[in-house]
Amino acid sequence: MANYTTSTSNKSRDRAVKLLLCGGIGLHYFYVGRIKAGLIHCIIGLALYGMIVASILDAELHAAILPGILMLLAFNAPDLIRLKLGKFRDNVGDYLFPA
């Protein structure tokens with residue numbers, strides 16, 4: 001009979017969730033060692049934050065506040081779902097450990 005083992009990362013899933021919820025600018029990717037994905041996520045997240053701040057400061061752009069917030073939430077939702085389901089992987093392909 002075959003014995004199957006799964007390897008898990010030494011990174012905590014709970015910490016990655018907390019870093020994701022700290023602003024959604026890719027900190028969770030940097031934590032697990034996925035630097036390229038973290039940089040891409042950081043650039044897009046900061047651009048969305050810039051859009052939200054610009055719409056707050058400019059009276060003509062007030063209609064863009066809600067779409068900016070919704071885009072930021074939609075941009076981070078897949079990562080949050082994968083983290084909660086335990087399907088998020090670190091830089092070597094191992095799943096994060098649950099505690």
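In the predicted model, Met71 is placed in helix α4. With a relative accessibility of 41%, Met71 counts as partly exposed, because the partly exposed class lies between the limits of 20% and 50%. Apart from residues up to four places away in sequence, Met71 touches Leu48 and Met51. Met71 and Asp58 are 13 residues apart along the chain, and their C-alpha atoms are separated by 19 Å.

Met71 also takes part in the packing of helix α4 against helix α3, as do Leu48 and Met51 on the α3 side. Helix α3 covers residues 35–57 and helix α4 covers residues 65–85. The two helices pack at an angle of about 160°, and their axes are 8 Å apart. An angle over 145 degrees counts as roughly antiparallel, and α3 and α4 are therefore roughly antiparallel to each other. Their crossing is left-handed. On the α3 side, the contact is made by His41, Ile44, Gly45, Leu48, Tyr49, Met51, Ile52, Ser55 and Ile56. On the α4 side, the contributing residues are Ile65, Pro67, Gly68, Ile69, Met71, Leu72, Phe75, Asn76 and Asp79. Sorted by class, the contact of α3 with α4 consists of twelve nonpolar, five polar and one charged residues.

Helix α4 also packs against helix α1, which spans residues 13–21. Here the angle is about 165° and the axes are 10 Å apart. By the limit of 145 degrees, α1 and α4 are therefore roughly antiparallel to each other as well. The crossing of α1 and α4 is left-handed. Arg13, Ala16, Val17, Leu20 and Leu21 of α1 meet Asn76, Asp79, Leu80, Leu83 and Lys84 of α4. This contact of α1 with α4 has six nonpolar, one polar and three charged residues. Asn76 and Asp79 of α4 thus appear in the contact with α1 and also in the contact with α3.

Leu20 is one of the α1 residues in this contact. When residues up to four places away in sequence are not counted, Leu20 touches Asn76, Asp79, Leu80 and Leu83, and also His28. Leu20 belongs in addition to the largest nonpolar core, which has nine residues in all. The other members of this core are Ala16, Val17, Tyr29, Tyr31, Val32, Leu83, Phe88 and Leu96. Helices α1 and α2 each supply at least two residues of the core, with α2 running over 27–32.

Tyr31, a member of the core, lies in helix α2. Tyr31 is buried because its relative accessible area of 18% falls under the limit of 20%. Leaving aside neighbours within four places in sequence, Tyr31 is in contact with Lys11, Ser12, Arg15, Ala16 and Leu19. Among these residues, Ala16 is also part of the core. Tyr31 and Pro67 are 36 residues apart in sequence, and their C-alpha atoms are 28 Å apart in space.

Pro78 is placed in helix α4. At 43% relative accessibility, Pro78 counts as partly exposed. Pro78 is ten residues from Phe88 in sequence, and the two are 10.0 Å apart in space, C-alpha to C-alpha. Phe88 is itself one of the residues of the largest nonpolar core.

Definitions and conventions
Residues are numbered from 1 along each chain as its sequence is written. This is a predicted model: local features need pLDDT of at least 70, side-chain atom pairs count only at pLDDT 80 or more; totals for chains, interfaces and linings use all residues. Side-chain values use heavy atoms; hydrogens and water are left out. Axes are lines fitted to C-alpha atoms, for helices over the stretch in contact, and angles run from 0 to 180 degrees between N-to-C directions. Helices (H or I, at least four residues) and strands (E, at least two) are DSSP runs, numbered from the N terminus. Angles under 35 degrees count as roughly parallel, over 145 as roughly antiparallel, 65 to 115 as roughly perpendicular and the rest as oblique. A crossing is left-handed if the near helix is turned anticlockwise from the far one by less than a right angle, and right-handed if clockwise. Contact means heavy atoms within 4.5 Å. Ala, Val, Leu, Ile, Met, Phe, Trp, Tyr, Cys and Pro count as nonpolar, Asp, Glu, Lys and Arg as charged, and the others, Gly among them, as polar. A nonpolar core is a set of buried Ala, Val, Leu, Ile, Met, Phe, Trp, Tyr and Cys residues joined through side-chain atoms within 4.5 Å. Buried means under 20% relative accessible area, exposed over 50%, partly exposed in between (1.4 Å probe, protein chains only).
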